[in-house]
Amino acid sequence: VGPRARHASGEHHLTVRAGPLAAGEVVLLVDRRGRRYLITLAAGGVHDLRGGRIPHDVMIGRDEGSAVESSRGERVRVFRPTLAEFVLEMPRGAQVIYPKDLAMMALWGDVYPGAAVVEAGTGSGALTMTLLRAVGVAGRVFSYEIREDFARQARRNITRLMGEPDTLTLRAHDIYDGIPDAPMDRLLLDLPEPWRVVPHAAEALRPGGIWVSYVPTVPQAAQTVETLRAARAFVLIDTFETLLRPWNIEGLSVRPAHRMVAHTGLITTARRIAATPAGEPS
Ligand SMILES: C[S@@+](CC[C@H](N)C(=O)[O-])C[C@H]1O[C@@H](n2cnc3c(N)ncnc32)[C@H](O)[C@@H]1O
């Protein structure tokens, strides 16, 4: 049974499939210069690579890493994309969080298998997919989005890579109005005014629950931290950024790459404390 049929029956593949490539799967073609092309394999389909044709049928049934040639003699290798590769190549409505930040948010947010997690806004679904992977088949991800067009694009992206995970609930909901899904183990935010979520987070996060927010500018991070402090419901409030510097290693040229992504955003984490029993010092 190919992935299409499995999606249709409501099944999903949160874990990456192994074995020969099948129709319905999303794959990445990588050329000699490292350029990447994301396509979904379809029986009888044809990919146009700079005027050369690559029939999908020559890839279906082959192993990942196989080399195939276009009708103009250009060679590419075909792989299932990693989540990081998929996120960078998939169609976007809203700006996605970069893989370097997704990785940090998942680990610094301690998103674990079986966790109940709430996220806003869904955007293009990059963080949503990262969370789905991290919570696994026993977890739950509730993702809120106010823009219908972005939610639609996110759903398309998620379905293309993962089918229809029954661990995911997408809601058309404004998180500034509250968090209807509670109690939650983790809360992750990528929206303009995360501080407006602090009172709702204090209610929805269980004791020990973790807040993670991502914002592009310093004033946004400062207002988030000040609001978290003032709420007196959170401790261990930290803010950091991630700088990822690729290296060039070729013969004698062993040096940092000339270019890197200089700035993406600031990540703030915080821990929900337990309510103080009456009569005890807070
Ligand atoms: C930068 S995008 C999120 C991108 C997403 N993290 C990703 O990696 O694909 C921010 C999203 O938050 C949504 N948004 C803004 N305010 C919101 C709110 N109050 N409640 C829910 N979603 C909101 C926006 O419509 C937008 O889609």
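Helices (H or I, at least four residues) and strands (E, at least two) are DSSP runs, numbered from the N terminus. This is a predicted model in which local features need pLDDT of at least 70 and side-chain atom pairs count only at pLDDT 80 or more, whereas totals for chains, interfaces and linings use all residues. Residues are numbered from 1 along each chain as its sequence is written, and side-chain values use heavy atoms, with hydrogens and water left out.

**View 1. Ala23 in the loop between helix 1 and strand 1.** The loop that holds Ala23 is followed by strand 1, residues 26-31. Ala23 counts as partly exposed because its relative accessibility is 29%, where buried means under 20% relative accessible area, exposed over 50%, and partly exposed in between (1.4 Å probe, protein chains only). From C-alpha to C-alpha, Ala23 and Gly93 are 26 Å apart in space, and they are 70 residues apart in sequence.

**View 2. Confidence along the chain.** The pLDDT, which is the predictor's confidence in each residue on a scale from 0 to 100, averages 94 over the chain, and 94% of the residues score at least 70. Among the elements of the chain, strand 15 (residues 266-272) has the highest mean pLDDT, 99, and helix 1 (residues 3-8) the lowest, 41. Residues 1-10 have a pLDDT below 50, and beyond near neighbours in sequence this stretch has 19 contacts in the model, a contact meaning heavy atoms within 4.5 Å. Where pLDDT is low, the predicted coordinates should not be read in detail.

**View 3. An open sheet of seven strands.** The strands follow the order 9-8-7-10-11-15-12 with mixed pairing, and two strands pair if DSSP finds at least two bridges between them. Strand 9 (168-172) and strand 12 (234-240) are the edge strands, each pairing on one side only. Neighbouring strands of this sheet are turned by 15° against each other on average, direction ignored; the axes are lines fitted to C-alpha atoms, for helices over the stretch in contact, and angles run from 0 to 180 degrees between N-to-C directions. Strand 8 (residues 140-145) runs parallel to strand 9 and is joined to it by five bridges, and Phe142 stands opposite Thr169 in strand 9.

**View 4. Backbone at Gly121, Pro183, Arg50 and Leu236.** Most residues other than glycine have a negative phi, and most peptide bonds are trans. Ala120 and Gly121 are joined by a cis peptide bond with omega about -15°, and Gly121 is found in the loop between strand 7 (116-120) and helix 4 (126-135). Another cis peptide bond, with omega about 0°, joins Ala182 and Pro183, the latter placed in the loop between strand 9 and strand 10 (184-189). Arg50, which is not a glycine, has a positive phi of about 45° and lies in the loop between strand 3 (46-49) and strand 4 (52-55). Arg50 counts as partly exposed, at 33% relative accessibility. Leu236 in strand 12 has a positive phi near 55° and counts as exposed, at 59% relative accessibility.

**View 5. The largest pocket.** About 560 Å³ of space lies in this pocket. Of its 30 lining residues, the closest to the centre are Ala94, Gly121, Asp190, Leu191 and Pro192. Strand 7, helix 4 and strand 8 are the elements that give two or more residues to the lining. On a 1 Å grid over the protein atoms alone, a pocket is an open set of points where a 1.4 Å probe fits, with protein on both sides within 12 Å along at least five of seven lines, and lining residues have an atom within 4 Å of a point. Grid points are joined across faces, edges and corners, and a volume is the space filled by probe spheres set on the points.
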